[in-house]
Amino acid sequence: PSGEEAGGPAWPLLVLAAALLVAAVPLTKEALRARGRPEDLYRDLTGRLRDVLPPGKSAIADSPALTPTERLLLLAGAVGIEEDPMREFALAYSGYLYSANAGSRPVSSAYWEALRAYERLPRWRRALGAANPASLLARAKRGAAAWTTHLAKALRGRVHRYRR
């Protein structure tokens, strides 16, 4: 008796599962970017830059003390792409974040210019970056840390109210 009698070989299911897992990473990244909010565009661009860096090199831009401009320029320099479009996007995004009139240039148009500069990288490097889940994992880690902090603060507040 062989394993094929019970319903066929299992290897096609393993191949399908692996293909779905590989396809899920770029699809998830695209879905997060497609929301179109300035925060999503910023995270997409920094994630793309992080994902094309060699393993262990993306930590250069992990400091919470960095401004969006500093983070983008550090990553662009490490990747080796033109910094001017990244600077323009960072200025538009910073204007959105900190200015009452939301900056002089729309964030989305600056994003597309920065993306054109990113697309000058070799296709093989962009393909590897698209399949790299590092930026999604870092994003999930930050989200989990924020959720844990929020939960701890809520619990401390309830304990404090209970003690009164």
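Here's a quick briefing on one helix pair and two pockets. Keep in mind that the model is predicted. Helices α1 and α7 pack against each other with their axes 10 Å apart, and both of them help line the largest pocket, along with α2. That pocket holds about 640 Å³ of space, while the second largest has a volume of about 170 Å³.

**How α1 and α7 pack**
- α1 covers residues 11–34 and α7 covers residues 134–163, and the angle between them is about 55 degrees.
- That angle falls outside the parallel, antiparallel and perpendicular ranges, so the two helices count as oblique to each other.
- Their crossing is left-handed.
- On the α1 side the contact is made by Val25, Thr28, Lys29 and Leu32, and these meet Ser135, Leu136 and Arg139 from α7.
- Sorted by class, that contact has three nonpolar, two polar and two charged residues.

**The largest pocket**
- The pocket takes up about 640 Å³, and 27 residues line it.
- Closest to its centre you'll find Arg43, Thr46, Arg50, Arg139 and Arg142.
- α2 (38–52) supplies at least two lining residues, as do α1 and α7; in fact α2 gives the largest share, with 10 residues.
- The lining splits into 14 charged, nine nonpolar and four polar residues.

**The second largest pocket**
- Its lining includes Pro26, Lys29, Glu30, Asp44, Arg48 and Asp51, as well as Tyr118, Glu119, Arg126, Gly129 and Ala130.
- α1, α2 and α6 (123–131) are the elements that each give two or more of these residues.
- By class, there are seven charged residues, three nonpolar and one polar.

Key:
Residues numbered from 1 in each chain as written. Predicted model: local features only at pLDDT ≥ 70, side-chain atom pairs only at ≥ 80, totals over all residues. Heavy atoms only, no water. Axes fitted to C-alpha atoms, helices over the stretch in contact; angles between N-to-C directions. Helix = DSSP H or I, 4+ residues; strand = E, 2+ residues; numbered from the N terminus. Parallel < 35°, antiparallel > 145°, perpendicular 65-115°, else oblique. Left-handed = near helix turned anticlockwise from the far one by under 90°. Contact = heavy atoms within 4.5 Å. Nonpolar A, V, L, I, M, F, W, Y, C, P; charged D, E, K, R; others polar. 1 Å grid on protein atoms, 1.4 Å probe; cavity = no way out; pocket = protein on both sides within 12 Å on 5 of 7 lines; lining within 4 Å. Points joined across faces, edges and corners; volume = space filled by probe spheres on them.
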